[in-house]
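Reader: Hello! I am new to this structure and would love a close look at one part of it, the metal site. Could you walk me through it slowly?

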Amino acid sequence: MDHLLNADLHCHSVFSDGTLAPEVLARRAQANGVGLWALTDHDEISGLDQALSSARAIGLPCLTGVEISVTFAGVTVHIVGLGFDHRHPPLIEGLRRTRAGREQRARDMGADLERAGIRGAFDGAMKYVDNPDLISRTHFARYIVEAGYCSDTHEVFRKYLAEGKPGYVPHRWASLGDAVGWINGAGGVAVIAHPARYALGINGEYALFSEFKAHGGLGVEVVTSAHSVPEVARYADMCREFGLLASRGSDFHCPQESRCDLGSLPDLPGSVTPIWAELRARAD
Ligand code: AMP
Ligand code: MN
Ligand code: MN
Ligand code: MN
């Protein structure tokens, strides 16, 4: 029964690279039948007070959340944190440090894109940024579409912003141990976000799962908009193999860009234990 809960524990607001305010997301989640919701902005928790109060006002069950950028074996990996105390000072400070390099990175991206023939990218991206602490590649992608260089944001990533492309600037994010430690230290649970998206290879993926578990990580996103049906089955197997709990989240950013709306995901497979069982046990 609990497998069928319409939990959506991964999405973004204007506090990172989403286009909707937390309050609008809360209403959209409820309208779409979400039964447990979390806002997980990139490296940022300033939107959580709004998310929690908006959800409370409409009777939508809501957890605190964040999606932390991590560098693991030279690859960027995202770790979602859920159900933590968002006033915990070491978490706040760790996230502040994780965000700190984003402005310089964005300036370097602007310069590289200029050389690749895209004019005014830094200033153009900034027009889409609500939170000056959180300039993301997504903001560049929106500008590059607006300026007519590409027809959608996915094409921008493919041609300009994915690793190895002209506008990609390598960046060192938090370590895996730090990210999991900040989340656990604040009383939350850590989850590997969209595992199928990482170019780690089989051995690298096993290393990620083992080290994540050794650091005290608890969950894996099994159902996410980034996963195909075989990938859902594969990560359900990985959950059982590593003794991890399963999470579910749309990674919704924007009605025009996201392939999957809030709350519009397949159910968790019956073979895994949902992470919300653990979160509820803690809440009792
Ligand atoms: P950043 O944290 O600045 O490196 O930006 C990462 C964000 O870019 C992700 O959270 C996604 O929102 C977006 N992104 C990454 N790859 C793609 C892609 N292939 N298509 C569309 N958006 C992407
Ligand atoms: Mn994003
Ligand atoms: Mn992500
Ligand atoms: Mn995300």
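To begin with, are H12 and E67 buried or exposed? And what surrounds them?

Author: Welcome! Keep in mind that this is a predicted model. H12 is buried, and E67 is buried as well. Let us start from the metal that these two residues share.

The manganese ion (ligand 4) is coordinated by H10 and H12, each through NE2, by E67 through OE and by D251 through OD, at 2.1 to 2.2 Å. If you follow these donors along the sequence, their spacing reads H-x1-H-x54-E-x183-D. H12 and E67 link distant parts of the chain: H12 sits in the loop between β1 (7-8) and α1 (22-31), while E67 belongs to strand β4 (residues 65-72), 55 residues apart.

Now step across to the next metal. The manganese ion (ligand 4) and the manganese ion (ligand 2) are separated by 4.6 Å. The protein donors of the manganese ion (ligand 2) are D17 (OD), H42 (NE2) and H253 (NE2), and they lie 2.1 to 2.2 Å from the ion. Their spacing in sequence is D-x24-H-x210-H. D17 comes from the loop between β1 and α1, and H253 from the loop between β8 (245-249) and α11 (275-283), so this pair ties together parts that are 236 residues apart in sequence. D17 counts as buried because its relative accessibility is 3%, below the 20% cut-off. H253 is buried too, with a relative accessible area of 13%.

A further step of 5.6 Å separates the manganese ion (ligand 2) from the manganese ion (ligand 3). Here E67 appears again: the protein donors of the manganese ion (ligand 3) are E67 (OE), H78 (ND1) and H194 (NE2), lying 2.1 to 2.2 Å from the ion. In sequence, these donors follow the pattern E-x10-H-x115-H. E67 lies in strand β4 and H194 in the loop between β6 (189-192) and α9 (201-214), so the two tie together parts that are 127 residues apart in sequence. For E67, the relative accessible area is 0%, so E67 is buried. H194, at 1% relative accessibility, counts as buried too.

With the metals in place, let us look at the nonpolar packing. The largest nonpolar core has 69 residues, and the members that touch the most others are L9, W37, I68, I79, L208, F209 and V222. Helix α10 (residues 229-242) gives the most to this core, with six residues. V222 makes a good example: leaving aside its neighbours within four places in sequence, V222 is in contact with H227, V232, Y235, A236, C239, A246, S247, L268 and P269. Another core, of 18 residues, lies apart from the largest one, and its members include I118, A121, I144 and L161.

Two of those members bring us to a pair of helices, since I144 in α6 and L161 in α7 both take part in the contact between them. The axes of α6 (residues 137-146) and α7 (residues 153-161) come within 9 Å and cross at roughly 105°. The two helices are therefore roughly perpendicular to each other. On the α6 side, the contact is made by R137, T138, F140, A141, R142, I144 and V145, and on the α7 side by T153, V156, F157 and L161. By class, this contact has seven nonpolar, two polar and two charged residues.

Conventions: Residues numbered from 1 in each chain as written. Chains lettered and ligands numbered in written order. Predicted model: local features only at pLDDT ≥ 70, side-chain atom pairs only at ≥ 80, totals over all residues. Heavy atoms only, no water. Donors = N, O, S within 2.8 Å, 3.2 Å for Na, K, Ca; no water. Helix = DSSP H or I, 4+ residues; strand = E, 2+ residues; numbered from the N terminus. Buried < 20%, exposed > 50% of the residue type's maximum accessible area, 1.4 Å probe, protein only. Core = buried A, V, L, I, M, F, W, Y, C linked by side-chain atoms within 4.5 Å. Contact = heavy atoms within 4.5 Å. Axes fitted to C-alpha atoms, helices over the stretch in contact; angles between N-to-C directions. Parallel < 35°, antiparallel > 145°, perpendicular 65-115°, else oblique. Nonpolar A, V, L, I, M, F, W, Y, C, P; charged D, E, K, R; others polar.
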